[in-house]
Structure formats: C-alpha cells, structure tokens
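This report describes the fold of a single protein chain, beginning with the chain as a whole and then turning to one strand and its neighbours. Please consult the sequence and the structure shown below while reading.

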Amino acid sequence: MSSHFITSPSPSPSPSSHLHPLSNPSQISPSLFFQWRPKPSQQHPLKFTPKQVSLQDPPPQSTPKSQEPNDPHEKTQSSFKNSIWVNPRSPNASRLLSRSSDSRYASLSRLAASLDAQTDVSGVLASLGHNPSEQDLILVINNMANPEAAVNVLRWCQENLELQREVILYNVTLKVLRKCKYWEKVESLLNDMIRSVRPDNVTFSTVISCARQCNLPEKAIEWFERMPEFGIDSDDITYSAMIDAYGRSGKVDMALGLYDRARKERWRLDPVTFSTLIRIYGMSGNFDGALNVYEEMKATYGRARYAEDALSVYREMVQKGLELNVVLYNTLLAMCADLGYVDQALEIFAQMKGSDKVKPDSWTYSSLITIYSCSGEVSKAEGVLKQMVEAGFQPNIFVLTSLIQCYGKASRTNDVVRTFEWLLELGITPDDRFCGCLLNVLTQTPKEDLAKVIQCIERSNSMVGTLVRRLSEGDTFEGMFKQEADDLFKNVSREVKKAYCNCLIDLCVNLDQLERACQLLELGLELKIYTGIQSKSSTRWSLNLRSLSLGAALTALHVWMNDLSKAVENGEELPPLLGINTGHGKHKYTEKGLSSVFESHLKEMDAPFHGAPDQPGWFLTTKVAAKSWLESRSPPNLVAA
C-alpha cells in the first residue's frame with residue numbers, strides 16, 4: 001500500500017505528489033502480532049465505534065420499487081454480487097453452490113446463448129417455467145448477442161406476461177442491438193416503444209450512443225433534441241456525447257456551447273470527444289484553442305489519473321502535428337510518475353528532447369528522477385540528476401526528497417545523510433512532507449543505522465525527532481507516549497497526518513513495541529486520521545484496511561481479532577458474514593499489494609478467511625467458521641523479533 005503527499009498548487013506540476021512515504025512491507029514481520037497478546041491486566045482498552053461506515057452492506061432482497069436503479073444492467077448484476085460466500089471446504093458446499101445466485105446466473109447465461117441460435121424462442125423460454133420473473137428475463141436478454149433473437153424474446157414477454165418493468169426490457173434489448181451496431185433496428189424498436197411505453201434516460205442514452213458508434217451524428221442530434229418531449233433531462237454522459245455529435249455534424253457553435261458547460265460543471269469527456277474538439281479548432285487554424293482543449297484534457301484525465309485516455313489524446317495531437325508546450329509535457333510526465341508508467345514517460349521525454357521549440361526544465365527532470373527513484377533504480381536517478389545539473393538547474397526539495405526515498409529503499413543510509421546535508425547547503429528548509437519522507441526511510445532502515453536517520457529527522461523537525469529517538473531507545477515515556485504523539489499530530493499539516501501515523505505505527509512494529517502501535521491506532525481513530533476501519537451491520541462485520549500501511553493494517557487486524565474474541569466470550573451473536581477488505585490495487589512501484597501480503601498471512605494463521613472470487617481484495621468467512629477458529633486460539637506469549 002502506498003500513500004501520496006499532496007502538494008500545493010504551483011504554476012508547473014509539482015512532483016511532490018509522487019512521494020510514497022509509507023513503509024516497505026518486507027521490513028515488518030506479520031507473525032509478530034499473533035505471537036503477542038497483552039496479559040489480562042494489560043488488555044488494551046481499544047473500543048471501535050463505527051461512526052462513519054465506508055463499506056456497503058448487501059441490500060435486502062426486496063427493494064422498494066422507488067429505489068430500484070434505472071440501469072437494467074446495474075440492476076441485474078447487483079442482485080448477483082450481493083450473494084453470501086460459500087466455504088469450499090464445507091461438506092454442503094456443492095449443494096449450496098448449486099442453489100446459489102452464481103449458479104443461477106450461469107444457468108441463465110447459458111439459456112441466453114441457446115436463444116441466440118433460435119428463431120422460435122418460445123420452446124427454449126418454456127424451460128423457465130409457467131410464470132418466469134421479469135428479473136430473469138432482463139438478465140437473459142442482457143446476455144444475448146443475436147439482435148433478432150433478442151427482439152423475439154422481448155415480443156414473447158409482451159405476449160405472455162403481465163409486465164411491470166417493460167421499459168427495462170426495451171432498454172436491454174436496445175443495448176443488444178447497439179452492440180451489433182444495428183441502427184435501423186434500434187430506431188424501429190424505439191419508435192415502437194414510444195407508442196405505448198414512456199422511455200427513460202437510459203433509453204435515450206443507449207440510442208444516442210448507438211448513433212454515435214454508427215457514425216450517424218445527425219440521428220444522435222435528432223433524438224437528443226426530442227428528449228424534452230418526454231420530460232427527460234440529459235445526464236452528463238449524454239451531453240458529453242453530444243459535443244462530439246454536434247462537432248461531427250458541423251454545428252460548431254452548439255458543440256462549443258456544450259463544451260463551455262462541460263468545463264463549468266466538470267463533466268468527464270472521453271478521448272473521442274476531445275479529438276473532435278481538437279479537430280474543430282485544427283480545421284479553423286486555431287491552434288491556441290487546440291492547446292486550451294489539451295489543457296482541459298490534462299485537468300480531466302491527468303490529475304484524475306485517466307492515464308490511457310490522457311496518453312491517447314496526447315498521441316493524437318502529436319500525429320496531427322499540434323505543438324505542445326513544456327507545461328503540457330510536464331503534466332503528462334508528472335502523471336506517469338504518479339502511476340509508475342516508466343516506458344510511457346521515457347517515450348514522452350524522448351519526443352520532448354527531439355522538439356526544436358520545447359526544452360526540458362527543472363520540473364521535467366524532477367519527474368524523471370521521481371520515476372527512477374520510486375522504481376529503486378538508483379544509478380538511473382543519479383544519471384538524470386547529473387543531466388539536470390549540467391543543463392543549469394539546481395535540484396529542488398522534490399528532487400532531493402525523491403533521491404532520499406530511493407537511497408532509503410536501497411538501504412544506502414550514508415547517501416541519505418549526504419543528500420540531506422546537500423539540501424541544507426542549498427539553503428532549502430525541510431518541510432512536513434520532507435520530514436515524512438525521512439520517517440518513511442526510517443521504517444526501512446536497519447537497526448544499526450537508525451541513529452543516522454534520526455539525526456536528520458531531529459534537524460528537520462525536533463518534535464518528530466525527539467519522539468522517534470525515544471522510541472528507538474526504548475524510553476518508557478512515563479505513561480505519556482500517547483499524549484506526546486497527540487501533540488505531534490496537532491503540530492503538523494493536515495495532509496501528512498495519515499502518512500506520519502502509518503510510519504510511526506510501522507516503526508513501533510519494527511521495534512516490537514506493539515502496545516504503542518495499538519495506542520497510535522487508537523489515537524488515529526480519535527483524531528479522525530483513520531475513519532471507517534470497523535463497520536457493523538446485521539449481515540456483515542467488516543474490517544477496512546485500504547488506507548493503511550502494512551504495520552497499521554496488522555495492528556488493526558490484531559485489535560479486531562481481539563474484539564471478535566471478546567464478542568464470542570461475552571456470548572454476542574456474530575453476523576452471518578465477516579469480511580476483511582484490503583483493496584485489490586497495488587502501486588506500480590511496489591512488488592506486492594496489501595491483499596497478497598494478507599493472503600499469505602491469513603494462511604499462516606490458519607484463519608478461515610478466504611479470497612472472494614467476485615470481490616477482489618475481500619477475504620470472507622462465515623460466522624460458524626469464525627467462531628470455531630476464535631474459540632480454538634490459545635493466547636500466545638510475547639516473542640521478540
């Protein structure tokens with residue numbers, strides 16, 4: 001897991017957002033947590049009250065009609081995703097699985113495939129029984145590929161059933177026709193629909209997007225302009241598509257008018273729409289306008305990290321011969337640095353260097369150094385630094401922070417100290433973010449070198465330095481550790497609090513000071529540095545670890561397991577399902593995500609939590625399995641690292 005320090009706005013993109021000041025998972029031993037448990041007199045009084053629930057619990061099986069989603073695909077899929085996980089080791093697993101929603105979904109998908117090959121669908125649909133549910137039929141049509149057969153199924157439903165959600169059946173049929181780009185049939189079915197059934201926003205969105213896919217912008221405009229007849233307001237997605245449609249049909253004023261609205265209301269535009277806008281400006285020779293569009297693209301995609309979309313528009317601009325300035329190049333490089341897109345960054349940098357009108361500046365070199373530093377490629381980072389200095393640019397605090405992070409990862413503590421001294425010689429004052437980077441390095445530093453890094457921290461921020469030195473020396477704090485940590489968090493900027501707390505917990509774990517790790521976690525909850533770690537409902541109790549470093553995640557897991565044990569001891573009823581959410585993503589620069597670390601750790605503990613195949617990053621168990629395992633755990637002794 002990693003976290004990003006957020007920078008303040010600056011004229012050029014600041015690479016400080018590329019820093020990842022959280023611990024290296026390899027430095028923490030997960031087994032420590034289940035080799036230690038406080039003595040009865042030392043039981044830690046952590047209490048977790050879920051004041052802010054961040055996890056969505058499965059909805060009740062019957063949903064009020066007014067609350068049903070309009071999108072039929074969303075509706076059919078959601079009903080199957082909210083199923084209870086079945087333990088594959090259970091003797092009843094095969095029977096339960098045969099009756100599960102997953103099995104039902106697979107069966108209906110097979111039925112859809114068989115209907116695709118039929119001209120007379122009535123015989124196949126008879127297998128659904130005398131009065132099949134609309135929900136099943138919606139799902140069947142949604143999974144079909146043959147447009148003629150899909151329409152036949154719709155007609156069969158209209159002739160044989162009393163329909164409550166006919167508009168949804170029409171919508172999923174239109175989607176099948178759209179997949180096949182069968183415009184004539186789409187328009188015919190829509191005309192048939194509006195004679196008896198009121199269309200909704202999904203209907204028009206489907207029709208307009210089909211016209212767009214079939215390169216029929218005039219048809220998209222025709223149906224878009226008819227939406228008010230049915231009292232329907234367009235959503236952002238439809239408006240965005242219409243920018244492209246108006247632009248392709250030559251109605252430039254309408255396209256640019258919608259584009260102005262998109263900018264004000266911050267719609268997300270897709271690459272095709274951006275390309276159309278760039279084409280509009282290019283045809284008129286307004287290259288400044290094209291560059292302004294690209295500026296908007298970088299805000300929409302670059303900062304929001306829609307990387308592939310941003311790179312797609314960039315490449316199209318290059319192909320069309322449009323000139324990019326240094327700010328645009330740097331924005332793309334900063335985005336690549338954030339996401340670890342090394343090859344793409346090198347491609348952009350090479351094209352930038354090949355330009356006669358654009359030259360790299362300090363921010364350009366800074367992004368490249370960040371990319372190599374976060375990847376642990378020390379020699380390449382040093383090589384770019386050399387180029388930067390030779391080009392006449394002095395390294396700034398972001399460059400030096402990246403280098404320190406890189407040296408810390410490589411366990412080159414002396415180079416960390418040397419770079420810190422260089423920063424001071426350049427007259428740069430360490431800020432909270434820089435100190436956070438040193439804290440992160442400290443969590444990765446061998447014990448014999450801790451004092452060297454601590455000295456740097458003390459010179460950057462005396463309050464942080466004093467706290468970590470006392471931790472490293474095993475100071476008792478005379479019972480005031482939590483208060484001193486509280487004072488620290490109240491004296492650092494808001495955007496670094498979570499990173500500091502993560503790093504300090506990791507350090508406590510590395511130093512076998514697990515009680516202090518629990519105190520820091522408790523303090524983080526009290527100060528709302530962490531929120532929504534534990535949540536409870538009648539159907540599921542969950543542990544959410546997505547925003548935590550490995551040490552903090554293990555600490556939270558330890559506390560949760562103790563809470564569950566207490567609940568069982570007190571006779572409290574567990575819910576049907578218990579889950580741990582680690583998130584399934586991993587940063588491009590890290591070898592492992594939190595999910596993979598926890599998967600092996602849970603196996604090591606012989607805990608009955610198993611990865612949910614349809615919910616990446618979730619580890620689930622039933623209350624029966626959880627209760628049996630919790631009751632079988634014996635209190636282990638405290639063991640040194």
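Among contacts in the chain between residues at least 6 apart in sequence, 69% link residues that are at least 24 apart. The model is a predicted one. Its chain is made up of 30 helices and five strands. Of the 641 residues in the chain, 53% count as buried. The chain exposes about 29500 Å², and carbon and sulfur atoms supply 48% of this area.

Strand E3, which spans residues 577-581, is mostly covered, with five of its five residues buried. Which residues of E3 lie on each of its two faces? On one side are Leu-577, Gly-579 and Asn-581, and on the other are Leu-578 and Ile-580; all of these are buried, and both faces of E3 are thus covered.

Two strands pair with E3, as the following table sets out.

| Partner of E3 | Sense | Bridges |
|---|---|---|
| E2 (residues 540-544) | parallel | five bridges |
| E5 (residues 618-622) | antiparallel | five bridges |

On the E2 side, Asn-544 has Asn-581 of E3 as its bridge partner. Between these two strands, the chain leaves E2, passes through helix H28 (residues 550-569) and arrives at E3, forming a β-α-β crossover that is right-handed.

On the E5 side, Ile-580 stands opposite Phe-619. Both of the E3 residues named in these pairs, Asn-581 and Ile-580, are buried, and they belong to opposite sides of the strand.

Methods: Residues are numbered from 1 along each chain as its sequence is written. This is a predicted model: local features need pLDDT of at least 70, side-chain atom pairs count only at pLDDT 80 or more; totals for chains, interfaces and linings use all residues. Side-chain values use heavy atoms; hydrogens and water are left out. Helices (H or I, at least four residues) and strands (E, at least two) are DSSP runs, numbered from the N terminus. Buried means under 20% relative accessible area, exposed over 50%, partly exposed in between (1.4 Å probe, protein chains only). Contact means heavy atoms within 4.5 Å. Accessible areas come from the Shrake-Rupley method with a 1.4 Å probe; for residues, only the protein chains shown count as cover. Two strands pair if DSSP finds at least two bridges between them. A crossover is right-handed if, with the strands pointing away from the viewer, the path from the first strand over the helix to the second runs clockwise.
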